[in-house]
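Please look over the chain below. The report after it goes from the overall fold to single residues.

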Amino acid sequence: MLDPFSLNFLAGAVLATGTSEITKTVVNSGIHWLKETYQGSSDKVIQKATDNTNEFLNQLGEKLKDLEQENKALKAQIGVAFNEPDFIATFRTAMSSAAKTELSEKHNLLSDLITLRIIAGSETTEALAANRAIEVVSYLTGLQIKLLGLYTAFHARERNEGTYYSDEKILKSAFQPYRNLISEEGDKFHLFSMSCLTFTGSLYVGSLTMSKHEVMMYFYPNELKDIKGSKESKETKDAQINDHINSEWLFQILKDARLRRVDLSTIGNMIGQSIHNKISTVKL
């Protein structure tokens, strides 16, 4: 029977592609940690943890190889990171999170965050945010992670008004991955408790959604301009705005997310940007 902790079994895909000694050290470190953590567990538990970790390490290995090939400074930074107690603790947290879940999006996200943590260096705001983001991932559902992508995409539109998402086709492409996303109020409160979101006002006071006029102004400015410039009565113009918005799936997403009352923390933005760039054709 093949030893589930075999180096070739667990991370053969990473090591077979001619990686550097630094990347091999990363893989070995992960394998030794996994062996220690699940020592004495059932074969079924070990197999699941091994499969989950294998996917994470493969993705991380590919990203580290890209860093190594990008320039010598980044290659050196990988070696520096794996000699820092703070980073090693964070890496083990990522390994623990990856081993516990079969969700590919979490494995990919964790490998992204570890890469960001390496690039950030030590004792920087970015490094500390990455440390916290890696801790948080284990406590988020796949839906909640995707919801952070939606919030990040929306706020990117607000910060870059007139340049980003200025075309309706681009706008719809950017939000297409969130078309069937249905969240509950509890998801938002959980993201808040995990320091991913901040509320800009009480969720129980005033309007919780963008008004239809606001949606038109932010996301359909050309249509709004045409309607306002027509010679129709105010009642007809209002009806045209209602018809346009109510027929749009994008409005339903924005209405459900209650975007105007929610902002992102540094941690939430880091997670949201990573997941959005994975699932959307319009990158941030």
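## Terms and model

Helices and strands here are DSSP runs, numbered from the N terminus; a helix has at least four residues and a strand at least two. With that naming, Ser195 sits in the loop between helix H10 (185-193) and strand E1 (197-199). The model is predicted.

## Overall fold

The chain contains 15 helices and two strands. It has 284 residues, and 47% of them are buried. Take the contacts in the chain with a separation of 6 or more: 78% of them join residues 24 or more positions apart.

The exposed surface comes to about 13900 Å². Carbon and sulfur atoms supply 51% of that area.

## Nonpolar core

In soluble globular proteins, nonpolar side chains tend to be buried together. In this chain, the largest nonpolar core has 55 residues. Which members touch the most other members? They are Phe56, Phe91, Ile114, Leu140, Leu148, Cys196 and Ile271.

Cys196 has contacts well along the chain in both directions, listed here without residues up to four places away in sequence. On the lower-numbered side, Cys196 touches Val136, Leu140, Leu148 and Leu191. On the higher-numbered side, Cys196 touches Asp263, Leu264, Ser265, Ile267, Gly268 and Ile271. Leu140, Leu148 and Ile271 are also among the core members that touch the most others.

## Largest pocket

The largest pocket holds about 280 Å³ of space. Its lining consists of Lys63, Asp112, Thr115, Leu116, Glu126, Thr266, Asn269, Met270, Gln273, Ser274, Asn277 and Lys278. By class, two of these residues are nonpolar, six are polar and four are charged.

Which helices each supply at least two lining residues? Helix H6 (104-120) and helix H15 (266-279) do. H15 gives the most, with seven residues.

## Thr152 in helix H8

Thr152 belongs to helix H8 (residues 142-159). Is Thr152 buried or exposed? Thr152 has a relative accessible area of 1%, so it counts as buried.

Leaving out residues up to four places away in sequence, Thr152 touches Leu264, Gly268, Asn269, Gly272, Gln273 and Leu284. Asn269 and Gln273 also belong to the lining of the largest pocket. Leu264 and Gly268 are also touched by Cys196.

## Phe87 in helix H5

Phe87 is placed in helix H5 (residues 85-99). Its relative accessible area is 0%, so Phe87 is buried.

Outside its neighbours within four places in sequence, Phe87 is in contact with Ala81, Phe82, Ile114, Arg117 and Ile118. Ile114 is one of the core members with the most contacts to other members. Phe87 and Arg117 are 30 residues apart in sequence, with 7.9 Å between their C-alpha atoms.

## The loop between H6 and H7

This loop holds Gly121 and Glu123. Helix H7 covers residues 125-137. Are these two loop residues buried or exposed? Gly121 is buried because its relative accessible area is 11%, under the 20% cut-off. Glu123 is exposed because its relative accessibility is 66%, over the 50% cut-off.

Gly121 touches Gln77 and Ala127, not counting residues up to four places away in sequence. The C-alpha atoms of Gly121 and Val80 are separated by 8.5 Å, although the two residues are 41 apart along the chain. Val80 is placed in helix H4 (residues 72-81). Val80 is partly exposed, with a relative accessible area of 41%. Glu123 pairs in a similar way with Asp86: 37 residues apart in sequence and 9.2 Å apart in space, C-alpha to C-alpha.

## Positive phi angles

Most residues other than glycine have a negative phi. Glu123 is not a glycine, yet its phi is positive, at about 55°. Ser195 is another residue other than glycine with a positive phi, near 65°.

How exposed is Ser195? Its relative accessibility is 33%, so Ser195 counts as partly exposed. Both residues sit in loops: Glu123 between H6 and H7, Ser195 between H10 and E1.

Definitions and conventions. Residues are numbered from 1 along each chain as its sequence is written. This is a predicted model: local features need pLDDT of at least 70, side-chain atom pairs count only at pLDDT 80 or more; totals for chains, interfaces and linings use all residues. Side-chain values use heavy atoms; hydrogens and water are left out. Buried means under 20% relative accessible area, exposed over 50%, partly exposed in between (1.4 Å probe, protein chains only). Contact means heavy atoms within 4.5 Å. Accessible areas come from the Shrake-Rupley method with a 1.4 Å probe; for residues, only the protein chains shown count as cover. On a 1 Å grid over the protein atoms alone, a cavity is a set of points where a 1.4 Å probe fits but cannot get out, and a pocket is an open set with protein on both sides within 12 Å along at least five of seven lines; lining residues have an atom within 4 Å of a point. Grid points are joined across faces, edges and corners, and a volume is the space filled by probe spheres set on the points. Ala, Val, Leu, Ile, Met, Phe, Trp, Tyr, Cys and Pro count as nonpolar, Asp, Glu, Lys and Arg as charged, and the others, Gly among them, as polar. A nonpolar core is a set of buried Ala, Val, Leu, Ile, Met, Phe, Trp, Tyr and Cys residues joined through side-chain atoms within 4.5 Å.
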